[in-house]
Amino acid sequence: MNALVRLAIKNARFTVFALCLVAAAGISVYFTQARQEDPEITIRTAQVVARFPGMPPERVEQLLTRPLEEEIKTMPEVKEIKSLSMTGMAIVLPQLHDRYFDLDPIWSRLRNKMDDIRRSLPEGAIGPMVNDDFGRVAVVTLALTGDGFSPRELRWTARELRDRFTALPLVAKVDLYGVQDERIWLVMDPARLNRLGMDPSQIVSQLQAQNVILPGGSVDAGGMALAIEPSGSFRSLEDIRQVTLTRPDDGGIVYLRDLVEVRRDYVDPPASPSFFNGRPAVVLGISMVSNSNIAELGRQVDGLLPEVRAALPLGMNLEVMNYQPELVAEAVQSATDNLLQTIAVVLAVVMLFLGWRVGLIVGSGVPLTIFAVLAGMSIWGIALHRISIAAIIVALGLLVDNGTVVAEDFKTRLDRGVDRLTAALESARGLAIPLLNSSLTTILAFLPLMLAENSSGEFLASLSQVVILALLSSWFLAVVITPVFCYWFLPQPKAGRTIDPDAPPRGRAYEWYERLLRALLRRRAVFALGIVGLFVLSLALFGQVRQRHMAPSERNQFTVYLSLPAGSDVTETIAAARTLSDYLADSKENPAVTANVAYVASGGPRFFLALQPPDPMPHSAFFVVNTKTYEDVAPAMRRTERFIAERLPQVAGRTESLFLGPAPLGTVEIRIAGPEIENLQLLAGQVRDAFAAVPGALAIRSDWENPVLKIRVEIDQERASRSGLTSQDIARSLSSVLDGFQVTDYREGETVIPVVLRSDQDARSNLDRLRTHEIYSKTLGAPVPLLQVADLRGEVEPSQIRRLNQERTVTVAARHEWMGSKELYAAVLPALERIAPEPGYRLEPAGEIADSAESRAELFRYAPHCLLGIVALLILQFNSIRRMGIVMGTIPLILIGAVAGLLVFRAHFEFTAMLGLFSLAGIIINNGIVMIDRIDQERAAGRDVDEAVVRAALARARPIIITTATTVIGLMPMALLGGQFWFSMSIVIMCGLAVGTVLTLGFVPALYSLLFRRGSGATAPVA
């Protein structure tokens, strides 16, 4: 490195130019780099959907779900398979292993497999269809409303808006939610058709035969090829009404209008409607091109919004429900403000300890390092978000440490009378390898986070990456640029004023520390045992620390889940959803609520990366509620739950704040696995009872919900055969009467509207009409009563069947008024342990409990490897086992202060707090390295162990305290202003480092003195 220093000093102008270039690159990256609120997480889940209208859940499971699961299981990339079987539909969610990032080839293979299996599914099955955009996030959601406008007009306007926004360069896709499609309804009276001797199948066949678009060929007319187009396709509703049919009894002609009512209307019942502030709405979910700058997308959307709003018909409104560019700007600006405050504090502390001249030299390395880190982030593809910016804050204390050590070494050499050039070269040469080893040990402490193969590790991996960039940049600048700055700006001491460099530091604080240290050395064994006792006590107190997986998001939003009893009609769900939406939109009742959107029988767009939209169920609704500030969220949630309990007693409702982890915060989930439905439901009831026995337990629910009643039509094949009917005739007749039967399509421009034949409202809603239903028999030429060929009986069946990894599972979940998930799980665990499932059944934790354990296990997966790397570096540096042992022995000291801080400040021990422990380990190891290195230097000068220990501790106290002070004080803005996400990590580092440093200044000298009693001076044993 001294060659680089010599080159930099010799070519001063080029050095300044290079530093300006680094600064310019960093500033440019800050303003142009892609920005996000949080790091992107790769959603490795696809959705496979297959349908068979009317098929019950158990049959769906057997004939659709299981074949799909078995085929998906053959893909080695698949980690987990979840599935949902419900009436008429199977949803399978394959999730890939976290080590895969290039997903397109995998999803292509999945589509090919689903295409191959399509032929083996039962006749009449629709699909399977693969949705690999399951993880796409709608960064902007807009709600189109219009009082007095028809759903058709809203749909057409929404499609025009979709085309306008899709044309923006950074918009990848615009999805529409709440669109009500049209139908051409052929409403029949089955009894009247039977009296006329008409069979609904005649209507179907005649309409399908007439409504065709087929070429008639072409004719050569004098060298001109003229195409011939036969008419036949329907061009108006009147064409449909004018369709003629032949009566089977007398061969007469009858018009379709005389048999059925032909009308144009909307889907009935409404399909997945949306409501914005209580009004019917079409919601536009705008997603962004991957790895784009969301700030630029925001500028594009902002530029287009006034234009499209001005073009809307009078009375229509386009409102913003979710606008992530603004949230990202606020998050990045807040993190940047914290960074600037921290830099100011760090520079002030450095100048206070080192003096203004040396302080400015050391402090100048901080912005230079940050600029270099920003440039490195651009090369590494790391976006600007609160995680990457917070990583710089975490690393600031370490950045100052390298520059401080080099500047003090340079100053010491000047005090010995060495000229400035030699001092600069010798400082770089002597400290390059020790500082590199020190930086590498800290990098190894952070490395497990970057190597963790799970969503939490991916979410926080950029923190490790930025710390690595910061430490390596700091090391290079410290050993190359800091000596150059010292050469330029630190004057040579005047003749006669040379200070004895071997003299120990003096001052009242140093004298007090020396007396204390000598007292500890006289009782070194007792002191070491006392430290071990404190460590054991901290382990015992750790059980009192509140725990959770991740902190909640601090968005000013929350979600509401409404669920009616399974089997409820969607119209009942719509009524309940509109009641709640109207309440939330009432500014007198909820002055803090600014907007709400409800998705009925749909989960809407994925507007928040960690939040998976709920499964589409006709008896459920999902709300997103915006408040003025984050502080308004909790009161609004309490009011909402109170309103649901008082005004919507038929509804099971709950509210949830947004969360950053893979599962809702505070929720305990117990998964029950086994083969038989009855036993699973019995065990689920016992688990629900166990939760209910815990005072304060709320929102106890099962993901299988309640069983539903169905009517089974038992066809007597012998009687049906004598009547000239088949099972297909009976099923088709019932389907056309009750649900309707799609006959053909009506085309209007680019719009295709299904033509559906069904009975009138009375026949569809009157259960007694089912008993009197008649099926026309072509063989007999007369209608046959249903009860003549079949018996009706009621059955109870599960409303849905869920499976995990090809095994039936029921998940029972609950939360608590004041307990966290860990505390609630501990409270319910004794009751769960008393449940004795039969062989083949098991109970296991899921949700936040399991995800937290998985994340920690993944984090510690590579910890032994990194720890071994640290040990190897220490042995390489010291060539000593005992010295390595002393440094590693300082690591447990971090728990003493960390646990105390968590308890005093009532912070949670969560994933970020664990990350704080890893970073603490790196800092404490550095302190130990600095201390032992100086002790060995003192012993090499011929001093005995105790004297060498005292003089080294006095000499290294200031650099260690500077590092601690800059780190602790620098983290205060993050602890006070950084929000809940960083609070626990800041507390762990601040308290752990403050207490750990104090103990290190006594423990390392005492332990060294204890282990190296025999050797003295330069002849001391190495091992």
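Helices here are DSSP runs of H or I with at least four residues, numbered from the N terminus. The model on display is predicted.

**Stop 1: the largest cavity**

Begin with helix 13, which gives four residues to the lining of the largest cavity, the most of any element. Select Asp401, Val405, Leu431, Pro434, Leu435, Ser438, Gln877, Ile929, Val930, Asp933 and Arg956 to display the whole lining. Two or more of these residues come from each of helix 12 (386–415), helix 13 (420–451) and helix 30 (911–940). The space they enclose amounts to about 130 Å³. By class, the lining holds six nonpolar, two polar and three charged residues. In total, the model has four cavities of 30 Å³ or more.

**Stop 2: the second largest cavity**

Move next to the second largest cavity, with a volume of about 110 Å³. Its lining comprises 16 residues, and selecting Val362, Gly365, Leu477, Ala478 and Thr482 shows those closest to the centre. Helix 11 (356–380), helix 12 and helix 14 (455–489) each provide two or more lining residues. Helix 11 gives the most, with seven. The lining has ten nonpolar and six polar residues, but no charged ones.

**Stop 3: aromatic rings in helix 14**

Follow helix 14 to Phe485 and Trp488, which lie three residues apart, about one turn of the helix. The model contains ten aromatic pairs. Phe485 and Trp488 form a tilted one, with 5.9 Å between centres and 35 degrees between planes. Phe485 is buried because its relative accessibility is 12%, whereas Trp488, at 26%, is partly exposed. Add Phe489 to the selection: Trp488 and Phe489 pair edge-to-face, 6.2 Å centre to centre with 90 degrees between the planes. Phe489 is partly exposed, with a relative accessible area of 45%. Ring pairs thus join Phe485, Trp488 and Phe489 in a cluster.

**Stop 4: arginines over rings**

Select Arg44 and Phe101; Arg44 lies over the face of Phe101, at 4.7 Å from the ring centre. Then select Arg882 and Phe1012, where Arg882 lies over the ring face at 4.3 Å from its centre.

**Stop 5: salt bridges**

Side chains of opposite charge can pair when their charged atoms come close. The model contains 45 salt bridges. One of them joins Glu77 to Arg109, with 2.6 Å between the closest N and O atoms. Glu77 lies in the loop between helix 3 (57–73) and strand 2 (78–86), and Arg109 lies in helix 4 (residues 104–117), so the bridge ties together parts 32 residues apart in sequence. Glu77 is buried at 11% relative accessible area, while Arg109 is partly exposed at 32%.

Proceed to Arg802 and Asp615, whose closest N and O atoms are 3.1 Å apart in a salt bridge. This pair links distant parts of the chain, 187 residues apart: Arg802 is in strand 28 (residues 800–804), and Asp615 is in the loop between strand 17 (593–600) and strand 18 (620–627). Arg802 has a relative accessible area of 19% and is buried; Asp615, at 22%, is partly exposed. The cut-off for buried is under 20%, so these two residues fall on opposite sides of it.

**Stop 6: a salt-bridge network**

Finish with Lys710 and Glu795, whose side chains form a salt bridge of 3.8 Å, N to O. Lys710 is in strand 22 (residues 708–715) and Glu795 in strand 27 (residues 790–797), distant parts of the chain 85 residues apart. Glu795 is partly exposed, at 21% relative accessibility. Extend the selection to Lys710, Arg712, Glu714, Arg793, Glu795 and Glu797 to see a linked network of salt bridges.

Note on methods: Residues are numbered from 1 along each chain as its sequence is written. This is a predicted model: local features need pLDDT of at least 70, side-chain atom pairs count only at pLDDT 80 or more; totals for chains, interfaces and linings use all residues. Side-chain values use heavy atoms; hydrogens and water are left out. On a 1 Å grid over the protein atoms alone, a cavity is a set of points where a 1.4 Å probe fits but cannot get out, and a pocket is an open set with protein on both sides within 12 Å along at least five of seven lines; lining residues have an atom within 4 Å of a point. Grid points are joined across faces, edges and corners, and a volume is the space filled by probe spheres set on the points. Ala, Val, Leu, Ile, Met, Phe, Trp, Tyr, Cys and Pro count as nonpolar, Asp, Glu, Lys and Arg as charged, and the others, Gly among them, as polar. Rings of Phe, Tyr and Trp (its six-membered ring) pair if their centres lie within 6.5 Å; planes under 30 degrees apart count as stacked, over 60 as edge-to-face and the rest as tilted. Buried means under 20% relative accessible area, exposed over 50%, partly exposed in between (1.4 Å probe, protein chains only). A charge sits over a ring if NZ of Lys or CZ of Arg is within 6 Å of the ring centre and within 35 degrees of the ring normal. A salt bridge is a side-chain nitrogen of Lys or Arg within 4 Å of a carboxyl oxygen of Asp or Glu.
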